[in-house]
Each structure stands twice: as structure tokens, then as C-alpha cells.
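Welcome to this short tour of a protein structure. Keep the sequence and the 3D view side by side as you read, and look up each residue when it comes up.

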Amino acid sequence: MKNNKKRKDRNAFSGQLGFVLAAAGSAVGLGNIWRFPYLAARDGGGVFLLLYVVLAVTFGFTLLITEVAMGRRSQQGPLTAYKFFNKRWAFLGWISFVVPYIIYPYYCVIGGWVLKYFFVSSSFSIPDATQDGYFGEFISSTWEPIVLMTIFAAFCVYVVWRGVEKGIEKYSRVIMPALVVMVVFICGYSLCISHTDADGVTRTGMQGAGVYFWPDFEGMTLKRFLTIALDAIGQLFYSLSIAMGIMIAYGSYMKKSVNLGQAIDRIEIFDTLIALLAGLMIIPAVYVFMGTEGMKAGPGLMFIALPKVFAHMGTAGSVISLVFFLMVTFAAITSAVSILEAIVSSVMDKYKWSRKKAVAVMGGTGYVWSVVVCLGYNVFYFDYVLPNGVTGQILDIFDYVANNLLMPVLAICTCILIGWVVKPKLLIGEMRMNGYRFRRKGMYIVMLKYVVPVLLSVLLLSAFVKFG
């Protein structure tokens, strides 16, 4: 294998802190703040948490450290990194390019939805958002979702346009600490509230935390356990930004002097902690005002159930909702920026484009697709039954293709390439640079070669068969 020297003009993070904050910013997005809490609420709280944590330190760690090591070893974006390791597997680079290219447009649309609720909260009009059909009327309107999506996408393009150190790292250094402070603040408030309903039943935030953390195995069947496990595995793709090309791109910007393994450990801890705190700030509050029924809101938890919770809190609810949706906006931006960067870095390495040209072309075409996704709820509206039994529109089809099909396929093939073709020893050497004591080496090899591909194959099967 030829030694691929780092190009002098290639962007790089300033050091380990810059990489960790940027990578954590990518990981801590809507997957943590929105998707994790509703899955935890739906899947029995503590049971889901227990499976998630175990899988995070095994399954998630294996894929995360592999992708980052691939990026730093090759010094290439995802589109060309796979070819660096084996020319016959270059096709995986195209899959790793297509995945973020599909995700970015609809992520910007959801980012626009978050902005909508932030602006509503800013005007202290959150009670308006509790009206039946409010969210549905908003996303099905023609122009408002497009305008808000445009604002969100424009900011993401600006950050990526600025580059790695002056754009992504600079804004991550500001946004991530602010996000952590807001999460902790809302968690504290959520645990301290109580409410007595019309039937005279009083519920407290601490009781809601108990429901969230306590594993409930009553009536648990093998089928139910498998469904929860698959949800936890699927969530790890969102939470850790794996199989999207993002971590390969970010790894390629990591300096050789950085302790790669130590950085990955910190990202893993930070991401898991934020995910757990996200559930802790949302689920107790929903439980206090809406009981266990409110916890079954599913994907509508953030946009439908939570505004009702904030409205129940009175004046304090207006302040909390403002802080909450500002925090979610920050999380959405850091993730969307990383998705766009994965696309941009790919075409820069493949076609030797300048950063500005790559951002203009990829951001521009992504914007067109975002408009199409917005119009999927009105002008282009239709219902389509996906192979897993879920009925959806354009956004749901994009999400299904990227997350249910391409990402598992990419991750399985990556495990085969590194575990069986290239052999793990090559990347383990990269991981051990700068004195990292790779205590999980044995587990890593077993997970990479055997366990992870099997789990991913089951996850891929679930795209065609409804387990739940």
C-alpha cells in the first residue's frame, strides 16, 4: 500500500479538543435530543437504556473508532478513503457519499421545523403550538417551512464555507459548552417539578426519572426484546454519526500528534451522557403533566407533546421552552454542518475542487432537494407504504433508504473490508499511536469480524420485516 502523504493545503483541527468538540457536535444532534428520548419512553425506559449503554461501548465503539482511524490513516474524505485501503472496494466510497447526500436535505427541513418552535417560544406564544393540528398545518403549508429551512441551511453552508478550524471547530467550541449548560439546566428543572391532575393524582419529576431509569421486564417477550435491541442499534447510527462518512472525514482532519483512541473514548462518554441527559430532561416533564400516556407520543414527542408540557408550566414554561428549542437548534446545526462537511470533503478529494466550489455545488443541490422534501407535505404529497410497513412521504422515503438500507450495508461492508480483507492490525497500529493503551483490542477484533456484522444483518432484515 502506498504511503499517502498529507496534502499541505488540507484543513485540520487544531488539536484533540477541537476534534472532540466537532465530532461530539456531530454526534449530539437531533438523534440525541429528539429521537433518543422518544425511543426510551416507548421501549420501557431502563430496558432501552441498559441495552443502549452496553451496545455503545461495544458495537458503537467498534464502528466509531474504525471510521476515524480510516480517515486519519488515509487522509482522505469518505468518497476516496475506501479506495486507499483496497481499490476493489472503492464502491463503498460512493455509498458513503450518497448516504450524507440523502440525509442532508431532510435534516435541513427538520432543522427548519426546530427554528419554527424556537421563534414561537421567543415570542412567548408556545400555547398556540398546543392546538390540535398545529404541527400538521405548519409542515403542510407551502412557504413557511421553505423559508425556515432556507435560514437553517444558509447558516450551515456559511460554517462549512469557513473551513475546518475557522468554521466547524470555531463554532463547536462555542455551541457545545452552551448546549451542555442548557441541558443540565433543563434537567434540574424537570426533576424539581410536580403537578396534580384533575383526578387528584400528584406526579413529580423524580417519579418520572424513576420511570425513565428503572428497567421494566414485566411481560417481556423475546420478540419485544429484539425490537428494543434493534431500536438501540439503530439509534447508535444517529447518536454516533457512524456509517455516514462523517467520522471518516473528521478523522482525515485529525493531526497525527493527537491520541486517537483517547479522543474516541471522550466522544463516546460525552455522547452517551448527553443522550441520557436528553431523556432525563424530557421524559420526567412529560410524565408529570401527561402521565405514562404522554410518553407514548413517539416521533411527535418534541413537536406535539412537549409544547403542551411547556404550556402547563405557565410563565416558567415559556422560558424553559425558549431555552430548550435554542438548545435543539444548536444541536441540529452542529450535526447538519458535519453531514454537509462529509459531502464537501468527498468531492474536494475526488475532484480536487476548492472548498468554496464544493460548498456552493453540494450546498446548492442539497438545497433543491430540501425544497422538494418541504413540498412533499403539500404540492408533492402522497402516501407510500414502505417495506417495513410504515406509511410515509418523501422525507420518510429518504430516511428509509439512507438509515434502513444504505447505512447498515455500508457498515457491514466496512467490517468485512477492515476485519477480513485489510485485517484489523493495520488500523490498530493507527489507534495505538501516541501511547493509547488499547484495552479493548480483543473485544474490538471479535466485534469487528463477527458480532457487529451479524447484528447489522439483523438490523438490515428489519427494514423488510416488521418485528414490533
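Which backbone oxygen does the side chain of Ser-338 reach? In this predicted model, the side chain of Ser-338 comes to 2.6 Å from the backbone oxygen of Ser-335. With that starting point in hand, here is a topic-by-topic look at the rest.

**Two buried serines**

- Ser-338 is part of helix α14, which covers residues 315-351.
- Ser-338 has a relative accessible area of 0%, so it counts as buried.
- Setting aside residues up to four places away in sequence, Ser-338 touches Ser-26, Ile-246 and Tyr-250.
- The other serine to find is Ser-239, which sits in helix α10.
- Ser-239 is buried because its relative accessibility is 0%, and the cut-off for buried is under 20%.
- Try locating Asn-32 next: Ser-239 and Asn-32 are 207 residues apart in sequence, yet their C-alpha atoms are 5.7 Å apart in space.

**The nonpolar core**

- The largest nonpolar core holds 174 residues.
- The members that touch the most other members are Phe-19, Phe-59, Trp-113, Phe-237, Met-281, Met-302 and Phe-324.
- Met-281 makes a good example to click on: beyond its neighbours within four places in sequence, it is in contact with Ile-33, Val-183, Ile-186, Cys-187, Ser-190, Phe-324 and Met-327.
- One of those partners, Phe-324, is also on the list of core residues that touch the most other members.

**Helix α18**

- Helix α18 runs through residues 441-461, which makes 21 residues.
- From its first C-alpha to its last, α18 reaches 29 Å, close to the 30 Å expected at 1.5 Å a residue.
- Where does α18 bend? The bend is at Met-447, and it is about 55 degrees.
- Met-447 is also one of the buried residues of α18, along with Tyr-444, Leu-448, Lys-449, Val-452, Pro-453, Leu-456 and Leu-459.
- These buried residues pack against four helices: α3 (46-74), α10 (222-240), α16 (394-422) and α17 (425-431).
- You have already met α10, as it is the helix that contains Ser-239.

**Salt bridges**

- Side chains of opposite charge can pair when their charged atoms come close.
- The model has 11 salt bridges.
- Lys-116 and Glu-144 form one of them, with their closest N and O atoms 2.7 Å apart.
- This pair links distant parts of the chain, since Lys-116 is in helix α5 (residues 91-122) and Glu-144 is in helix α7 (residues 144-162), 28 residues apart.
- Lys-116 is buried, with a relative accessible area of 13%, whereas Glu-144 is partly exposed at 34%.
- Arg-355 forms a salt bridge with Glu-341, and their closest N and O atoms are 2.9 Å apart.
- Arg-355 belongs to helix α15 (residues 355-375) and Glu-341 to helix α14, so this pair ties together parts 14 residues apart in sequence.
- Both Arg-355 and Glu-341 are buried.
- Asp-43 and Arg-42 also meet through their side chains in a salt bridge, at 3.6 Å from N to O.
- Is Asp-43 buried or exposed? Asp-43 is buried, with a relative accessible area of 1%, while Arg-42 is partly exposed at 41%.
- Arg-42 and Asp-43 belong to a network of salt bridges that also includes Arg-224 and Asp-231.

Conventions
Residues numbered from 1 in each chain as written. Predicted model: local features only at pLDDT ≥ 70, side-chain atom pairs only at ≥ 80, totals over all residues. Heavy atoms only, no water. Core = buried A, V, L, I, M, F, W, Y, C linked by side-chain atoms within 4.5 Å. Buried < 20%, exposed > 50% of the residue type's maximum accessible area, 1.4 Å probe, protein only. Contact = heavy atoms within 4.5 Å. Expected span 1.5 Å × (residues − 1). Bend = angle between axes of the 7 residues up to and from the residue. Polar contact = N/O pair within 3.5 Å; in protein donor to acceptor, adjacent residues only side chain to side chain. Salt bridge = Lys/Arg side-chain N within 4 Å of Asp/Glu carboxyl O.
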